[in-house]
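Reader: I would like to work through this chain step by step, beginning with its general layout and ending with single residues. Please reason each answer through before giving the value or name.

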Amino acid sequence: MTTHVNSIFKFQPRWKELLVVNGFDGEFNLEYSMGIPTIYLPTEVVWLQNAPEWAKNYYTELKTELEIWCEQNDLPLVIEAKAWIEFNKS
């Protein structure tokens, strides 16, 4: 699963329906539904309400890189307010 050279984020699917996302300053998990393989990302409003300080300003880059990654891996990306996300404690 490819990552662009200038990427801020790296994506790694994990069992238990998780997509682990590593950034420069931390890590978080997005929902990766396996029934019909799909990646879910919360809306920008929800992101800004829940993201730790290090991640707040990266929504646009994350969305762009995730769109590219999903396209390369033939996976749909759904952006919705109720999308599950878990920020790992550092």
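Author: Strands here are DSSP runs of E with at least two residues, numbered from the N terminus. In that sense asparagine 29 belongs to strand β3. The model is a predicted one.

Reader: How many helices and strands does the chain have, and which pattern do they follow along the sequence?

Author: The secondary structure of the chain amounts to three helices and six strands. Reading along the sequence, one finds the pattern β-β-β-β-α-α-α-β-β.

Reader: What radius of gyration does the chain have, set against the globule rule?

Author: The C-alpha trace spans about 30 × 30 × 20 Å along its principal axes. For 90 residues the globule rule gives 12 Å, and the chain lies close to that value, so it is as compact as a globular protein of that length. The radius of gyration of the chain is 12 Å.

Reader: What is the average confidence of the chain, and where is confidence lowest and highest?

Author: The chain has an average pLDDT of 90, and 92% of the residues score at least 70. Confidence is highest in strand β5 (residues 77–79), at 98, and lowest in α2, at a mean of 91.

Reader: Which element gives the most residues to the largest nonpolar core?

Author: The largest nonpolar core has 22 residues, of which Leu19, Phe28, Trp47 and Leu66 touch the most other members. At least two residues of this core come from each of β2 (18–22), β3 (27–33), β4 (38–41), α2 (53–56), α3 (59–72) and β6 (85–87). With five residues, the element that gives the most to this core is α3.

Reader: Which residues does tryptophan 47 touch, not counting residues up to four places away in sequence?

Author: Tryptophan 47 is one of the core residues that touch the most other members. Leaving aside residues up to four places away in sequence, tryptophan 47 touches Phe28, Ala55, Lys56, Tyr59, Leu62, Ile85 and Phe87.

Reader: How many bridges join β1 to β2, and which residue in the turn has a positive phi?

Author: Strand β1 (residues 10–14) and β2 run antiparallel and are joined by five bridges. Within this pairing, glutamine 12 stands opposite valine 20 in β2. The two strands form a hairpin with three residues between them, and the residue in the turn with a positive phi, of about 70 degrees, is lysine 16.

Reader: Is asparagine 29 buried or exposed, and which side chain joins it in a polar contact?

Author: Buried means under 20% relative accessible area. Because its relative accessible area is 6%, asparagine 29 is buried. Its side chain makes a polar contact of 3.5 Å with the side chain of asparagine 88.

Reader: Is glutamate 53 buried or exposed, and what is its C-alpha distance to aspartate 25?

Author: Glutamate 53 lies in helix α2, and at 65% relative accessibility it counts as exposed. Although 28 residues separate glutamate 53 from aspartate 25 in sequence, their C-alpha to C-alpha distance is 9.9 Å.

Reader: Where does aspartate 74 lie, and what is its phi?

Author: Aspartate 74 is found in the loop between α3 and β5, and with a relative accessible area of 71% it is exposed. Although aspartate 74 is not a glycine, its phi is positive, at about 55 degrees.

Definitions and conventions
Residues are numbered from 1 along each chain as its sequence is written. This is a predicted model: local features need pLDDT of at least 70, side-chain atom pairs count only at pLDDT 80 or more; totals for chains, interfaces and linings use all residues. Side-chain values use heavy atoms; hydrogens and water are left out. A nonpolar core is a set of buried Ala, Val, Leu, Ile, Met, Phe, Trp, Tyr and Cys residues joined through side-chain atoms within 4.5 Å. Buried means under 20% relative accessible area, exposed over 50%, partly exposed in between (1.4 Å probe, protein chains only). Helices (H or I, at least four residues) and strands (E, at least two) are DSSP runs, numbered from the N terminus. Contact means heavy atoms within 4.5 Å. Two strands pair if DSSP finds at least two bridges between them. pLDDT is the predictor's confidence in each residue, from 0 to 100. A polar contact is a pair of N or O atoms within 3.5 Å; within protein, one must be able to donate a hydrogen and the other to accept it, and residues adjacent in sequence count only if both atoms are side-chain atoms. The radius of gyration is taken over C-alpha atoms; the globule rule is 2.2 Å times the number of residues to the power 0.38.
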